[in-house]
Amino acid sequence: MTITTAIIDDEPLAAQLLESYVQKTPYLEFTGTYNSAVMAMRYLREKPVELLLLDIQMPELSGIELAKILPRETKIIFTTAFPQYAVDGFKVSAIDYLLKPIAYDDFLRATGKALDWKDMQLHQHAYHGDRFMFVKSDYKLVRISFDDILYVEGLKDYVRFFLKSGEKVLSLMSMKKLEEHLPKPEFMRTHRSYIVHMAEVKAIDRLRLVFGDQYIPISDNYKDDVQQYLDTHTMS
């Protein structure tokens, strides 16, 4: 799996360094370097890329301004010598922010997020199969449709399914085993005690997912995964 990657930077030395990083990173496919956002915009409309390494402070059109008009499918890593732009960068859903001079290990960490995002997309589109499962509950097998699940709560050695009908089904199994069986990212682990059917989330309120009057927490361990999912499903 590779990610098509372009560089936009008006500083030749910075652009050359990034180009060398891209070319030696196996999962990145280098498509070109542009020395202005205006020039890049002409080409990217015809041949969009999956990942942009985008400088912020440039003449005519800044990286922030360009990011606002790019397709949402294009993921952005901002590169800049000015840390005060970090907040503006994340307002346009950049997946990361690299401060110049950029070390290769920081570059790998940031581009690794883009790789995780693409892997999530592939899982989302690749899943095919039965949309139900049977689970043991009260000495019988109960059929549960994936489409009927709101969320699942882990209770030590048991899990409890909360269904759209209001029914709750308790079954002896581990959260890990269930997580491996449910299609991703349609179902996401948001906390060690919760797996959520993301299509059924009604709102997000202060790092909590809202299901009617029920709030499901998002823990630090799963926050980045949830945010990547939300970035691909948010209109701004």
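In this predicted model, R160 pairs up with E153 in a salt bridge, and their closest N and O atoms sit 3.5 Å apart. The two partners do not share the same surroundings: R160 is partly exposed, with a relative accessible area of 28%, whereas E153 is buried at 17%. The value for E153 counts as buried because the cut-off is under 20%. This pair is just one of the story's players, as the structure holds 14 salt bridges.

Another salt bridge joins E200 to K164, with 3.0 Å between the closest N and O atoms. Here the link reaches between distant parts of the chain, the two residues being 36 residues apart. E200 belongs to the loop between strand 12 (194-197) and strand 13 (203-204), while K164 belongs to the loop between strand 9 (158-163) and strand 10 (168-172). Once again a buried residue meets a partly exposed one: E200 has a relative accessible area of 14% and is buried, and K164, at 45%, is partly exposed.

K176 and E180 make a more local match. Their salt bridge has its closest N and O atoms 3.3 Å apart. Both residues lie in helix 6 (residues 175-181), and because they are four residues apart there, about one helical turn separates them. K176 and E180 are both exposed.

Salt bridges can also join up into a network, and that is what happens with D9, E11, D55 and K100. K100 turns up again in the backbone, where a cis peptide bond with an omega of about -5° joins K100 to P101. P101 itself is in the loop between strand 5 (96-99) and helix 5 (104-126). A cis peptide bond also joins K184 and P185, again with omega at about -5°. For P185, the setting is the loop between helix 6 and strand 11 (187-191).

The backbone has a couple of other quirks, this time in phi. E60 is not a glycine, yet its phi is positive, at about 70°. This residue sits in the loop between strand 3 (51-55) and helix 3 (63-69), and E60 is exposed, with a relative accessible area of 70%. D138, also a residue other than glycine, has a positive phi near 55°. Its loop runs between strand 6 (132-137) and strand 7 (140-145). With a relative accessibility of 61%, D138 is exposed too.

Technical notes:
Residues numbered from 1 in each chain as written. Predicted model: local features only at pLDDT ≥ 70, side-chain atom pairs only at ≥ 80, totals over all residues. Heavy atoms only, no water. Salt bridge = Lys/Arg side-chain N within 4 Å of Asp/Glu carboxyl O. Buried < 20%, exposed > 50% of the residue type's maximum accessible area, 1.4 Å probe, protein only.
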